[in-house]
Amino acid sequence: MTQSLKGKRVAFLVTDGFEQVELTGPKEALEKAGARTLIAAAKPGQVTGWKHTTPADRFPVEHSFDTLRIEDCDALVLPGGVVNGDNIRLDEMAQELVRNAARADKPIAAICHGGWLLISADLVKGKTLTSWPSLRDDLQNAGAKWVDQPVVVDGHLITSRRPDDIPAFSQALIEMLGGKTAQSAA
């Protein structure tokens with residue numbers, strides 16, 4: 001059952017090296033459900049997606065992190081990719097955007113290595129989350145409970161492990177944005 005997300009705006013926060021399918025898959029699902037999406041990055045211009053370890057397509061940046069206002073977004077999506085995850089977590093403006101979204105109880109959906117930004121923004125303590133398996137220790141050391149499930153919803157946080165989980169990840173975000181009550185974390 002497709003939800004109508006007409007009027008909802010979802011921002012994807014990325015840097016060069018994001019896992020391309022972790023942007024394009026959820027973006028397509030959200031747009032099919034009626035949401036407007038945008039790509040935000042550290043600087044204007046374009047960002048390069050990757051297919052695992054190989055640079056792939058370039059995407060236009062609609063907002064830089066310093067021009068994106070959380071008040072203009074209904075949710076944030078944090079695609080993974082090792083290079084992206086490692087770089088974006090150090091960007092203080094990206095950290096502040098996710099903190100502002102958390103303070104406003106807006107959905108934040110992180111897949112794969114996207115969870116690193118949640119850790120650096122100090123948003124994981126006491127939460128049940130999932131991620132790419134190599135982030136397990138990082139999440140646990142930051143105070144989260146890590147579980148190996150395709151999608152985990154804990155409050156306003158939605159997390160998934162890998163590209164295979166994109167359908168469940170996208171559906172959880174669509175349901176949350178559509179006002180459906182999400183299932184509690186394990």
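Biologist: What makes the link between strand 4 and strand 5 a hairpin, and which residue there takes a positive phi?

Modeller: This is a predicted model. In it, two residues lie between strand 4 and strand 5 in the hairpin. His52 takes the positive phi, near 60°. Strand 4 and strand 5 run antiparallel.

Biologist: How do you know that strand 4 and strand 5 (residues 54-61) pair?

Modeller: Pairing needs at least two bridges. Six bridges join strand 4 to strand 5, so the pair qualifies. Lys51 stands opposite Thr54 of strand 5.

Biologist: Strand 2 covers residues 18-19. Why is it called a strand, and why is it said to pair with strand 4?

Modeller: A strand needs at least two residues, so a run at 18-19 counts. Two bridges link strand 2 to strand 4 (residues 45-51), in the parallel sense. The cut-off is at least two bridges, so they pair. Phe18 has Gly49 as its bridge partner in strand 4.

Biologist: Now the open sheet. What is the strand order?

Modeller: The order is 6-3-1-7-8-12-11, seven strands with mixed pairing. Strand 6 (63-64) and strand 11 (151-154) each have a single partner strand, so they stand at the edges and one side of each is left without a neighbour in the sheet.

Biologist: What makes the pairing mixed? Which pairs run in which sense?

Modeller: Strand 1 (residues 9-13) and strand 3 (residues 36-41) are parallel, over five bridges. Ala11 has Leu38 as its bridge partner in strand 3. Strand 8 and strand 12 are parallel too, over four bridges. There, Ile108 is partnered by Leu157 in strand 12. Strand 11 and strand 12 are antiparallel, over four bridges. In that pair, Val152 stands opposite Thr159.

Biologist: Which residue takes a positive phi in the hairpin of strand 11 and strand 12?

Modeller: Gly155, with phi near 65°. Two residues lie between the strands in this hairpin.

Biologist: Which residues of strand 12 point which way, and are they buried or exposed?

Modeller: Leu157 and Thr159 point one way from strand 12 (residues 157-160). Ile158 and Ser160 point the other way. All are buried. In a regular strand the side chains alternate between the two faces of the sheet.

Biologist: Which helices lie across the strands, and at what angles do they run?

Modeller: Helix 1 (residues 21-32) lies across strand 1, strand 3, strand 7 (75-78) and strand 8 (108-111). Helix 1 runs at about 180° to strand 1. Angles here run from 0 to 180 degrees between N-to-C directions, so helix 1 and strand 1 point opposite ways. Helix 3 (residues 92-103) lies across strand 1, strand 7 and strand 8. Its angle to strand 7 is about 135°.

Biologist: Why is Ala102 called buried?

Modeller: Ala102 is in helix 3. Its relative accessibility is 13%. The cut-off is under 20%, so Ala102 is buried. Leaving out residues up to four places away in sequence, Ala102 touches Ile108, Leu123 and His156.

Biologist: How do you know that Ala102 and Asp164 are not in contact?

Modeller: Their C-alpha atoms are separated by 26 Å. The two residues are 62 apart along the chain. Contact calls for heavy atoms within 4.5 Å. Asp164 is absent from the residues that Ala102 touches.

Biologist: Why does Asn84 count as buried, and what does it touch?

Modeller: Asn84 lies in helix 2 (residues 82-88). At 1% relative accessibility, against a limit of under 20%, Asn84 is buried. Beyond its neighbours within four places in sequence, Asn84 contacts Val14, Thr15, Asp16, Gly17, Phe18 and Pro79.

Biologist: How many disulfides are there, and are Cys73 and Cys112 buried or exposed?

Modeller: The search of the whole structure finds zero disulfides. A disulfide needs two cysteine sulfur atoms within 2.5 Å, so no pair meets that limit. Cys73 is buried at 1% relative accessible area. Cys112 is buried at 6%.

Biologist: How do you know that the protein's radius of gyration agrees with a compact globule?

Modeller: For 186 residues, the globule rule gives a value near 16 Å. The protein has 15 Å, which agrees. The C-alpha trace spans about 40 × 35 × 30 Å along its principal axes. Buried residues make up 51% of the protein.

Key:
Residues numbered from 1 in each chain as written. Predicted model: local features only at pLDDT ≥ 70, side-chain atom pairs only at ≥ 80, totals over all residues. Heavy atoms only, no water. Buried < 20%, exposed > 50% of the residue type's maximum accessible area, 1.4 Å probe, protein only. Rg over C-alpha atoms; globule rule 2.2 N^0.38 Å.
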